[in-house]
Structures are given as structure tokens and as C-alpha cells.
Amino acid sequence: VKIYIASKNNHKIEEIKLVVPEFVELETVNWEIDVEETGETFIENSIIKALEYGKEIGQPVIADDSGLSIDVLGGFPGVMSARYLEGASYVEKMESILQLMRNYEERSAKFVCAATYFNPIKNFLISVEGYVEGTISREIRGDKGFGYDPIFIPKGYDKTFGELGEEVKKHISHRSVAFKKLFEFLMKVGEI
Ligand code: ITT
């Protein structure tokens, strides 16, 4: 089974590949498809991406919309995770978040991932969400992973995703939870 992946983020693509059933062949799209992410939720944005790519390609696609949601900041940066301080490096973005959080003892947060599958031939679409709970560290730690991984400590661990890396992320991350759920469902209903 061939499924296209509606993402330009190679880190995401590599992580999704770790949880895809072996009979599924993930194809990346190497031409430009610009999608305006106007949704207010992760689910909305992942549906927007899947629909745009799916209509353009005419074949089944999956999309991932994800981000970091910090409780004391009212869920910020949330769907703005990629666009926050646009143009700045992730070190700068993380330093800015740590600065916003400097007076808070309450540091709970979660990573959220909405995974959508869209088959334009059957006009069939399904979205699921996965999340991983944790806390925001006091400083940037580790250089594995990507994005906000070096400031997120998953529940049950004392290291950040930036220190733990893919071996742990592939079992417990928001992305692995969401995509495992998505592929299990697609198998259950005979779509793949
Ligand atoms: P596509 O839309 O092309 O898939 P993107 O990077 O723009 O790529 P999003 O709009 O979903 O994707 O933004 C997700 C951002 O949330 C991502 O760029 C990171 O900053 C953050 N993020 C999501 N998952 C993460 C993870 O596993 N580890 C660290 N940061 C993550």
C-alpha cells in the first residue's frame, strides 16, 4: 500500500516512518504544495493539509499537525508552535518560552499530534489525536529530536526528549500514539 505524506518537516516524516506498518510504503512529495494553516485546532489544520495534498495528488495521504501546549500559558504556543517568533532559531524560541515561564512552579505541558488520513478516491477521511504529558524543564537540555524537544520532560522520566531521543519518542510520543492509533483503525476497517 502506498500512502503520501503531506508534510515538509523531515523530522516528522522520520518519526512517522518508525511506527508505520511494514506493508505501507510512505511516499514523500517533492514538489511545492503551499498550505495556509488557518485552523484553530490541531485537528482542523491536519485536515486542511490532508485535503489540499490529497486533492492535488489524487491518492491517499496522511498529514500531521502538532505542537506544544503549556498549561499556565493557556495552551500556548499550541497551533502556533511552528510560527512562534517566525524567523528565529529553535534555541531562541525555547529561550523565549523559558523566559515566559521563569516565575512559574507549575510547569505541566503536553505535546499534541493530530493525524489525518484522506483517500480522495473514496472521499474517506479520518482524524485522530495523540498526546504525551510532561513538564517544561528549567533549561535547554540535549540536542536530539527537533523543535521544542530539549525543553520537554515526558512524565515518568527525568530527561528531556532532546536527551532521550528517538528510542523513547517512538514508544511514547504524541506522534507515535496518534499514528499507531490511525494505522490500527485503517487496518480494522480494511482501508489498508
Ligand atoms: P508540516 O506542516 O509541513 O507538516 P510543520 O513543522 O510546519 O510541518 P506544524 O505546523 O504541525 O508542522 O508545526 C509543528 C511544530 O510544533 C513543529 O515545527 C515544532 O516546532 C513543534 N513540534 C511538533 N512536534 C514536535 C516534536 O515531536 N518535538 C518537538 N517539537 C515538536
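## Exercises on a predicted model

UniProt lists Glu36 and Asp65 under "binding site" in an unreviewed entry; its positions are given in the numbering used here, feature names are shortened, and annotations may be inferred rather than shown by experiment. Although the two are spread over 30 residues of sequence, they cluster in space, with a largest C-alpha distance of 12.4 Å.

Quick ground rules before we start. Residues are numbered from 1 along each chain as its sequence is written. This is a predicted model, where local features need pLDDT of at least 70, side-chain atom pairs count only at pLDDT 80 or more, and totals for chains, interfaces and linings use all residues.

### Exercise 1: the annotated pair

Work out where Glu36 sits, and whether Glu36 is buried or exposed.

*Step 1.* Place Glu36: it's in the loop between β2 (25-28) and α2 (42-57). Helices (H or I, at least four residues) and strands (E, at least two) are DSSP runs, numbered from the N terminus.

*Step 2.* Recall the cut-offs: a residue is buried if 20 or more other C-beta atoms lie within 10 Å of its own, exposed if 12 or fewer, and partly exposed in between, with C-beta atoms placed from the backbone.

*Step 3.* Glu36 has 9 other C-beta atoms within 10 Å, so Glu36 is exposed.

Now do the same for Asp65, and find what Asp65 touches.

*Step 1.* Asp65 lies in strand β3, and the UniProt annotation "active site" (unreviewed entry) covers Asp65 too.

*Step 2.* With 30 other C-beta atoms within 10 Å, Asp65 is buried.

*Step 3.* Two residues are in contact if their C-beta atoms, placed from the backbone, lie within 7 Å. Not counting residues up to four places away in sequence, Asp65 touches Phe42, Asn45, Ser46, Lys49 and Ala114.

### Exercise 2: the ligand shell

Find how many residues surround the ligand, and break the shell down by class.

*Step 1.* Take each residue whose C-beta atom, placed from the backbone, lies within 6 Å of the ligand. That gives 20 residues, and the closest are Ser7, Asn9, Ser81, Ala82 and Gly147.

*Step 2.* Sort them: Ala, Val, Leu, Ile, Met, Phe, Trp, Tyr, Cys and Pro count as nonpolar, Asp, Glu, Lys and Arg as charged, and the others, Gly among them, as polar. You get five nonpolar, eight polar and seven charged residues.

*Step 3.* Check the source: strand β3 (residues 61-70) supplies the largest share, five residues.

### Exercise 3: the core

Name the residues that touch the most other members of the largest nonpolar core, then look at Tyr117.

*Step 1.* A nonpolar core is a set of buried Ala, Val, Leu, Ile, Met, Phe, Trp, Tyr and Cys residues joined through C-beta atoms within 7 Å. The largest has 41 residues, and Ala50, Val61, Ile62 and Phe152 touch the most other members. Strand β5 (residues 108-119) gives the most to this core, with eight residues.

*Step 2.* Take Phe152: skipping neighbours within four places in sequence, its contacts are Leu68, Ala109, Phe111, Gly134, Ile136, Thr160 and Phe161.

*Step 3.* Tyr117 is found in strand β5, and Tyr117 is buried, with 24 other C-beta atoms within 10 Å. With the same kind of neighbours left out, within four places in sequence, Tyr117 is in contact with Ala50, Pro60, Ile62, Leu125, Ile126, Leu182 and Leu186.
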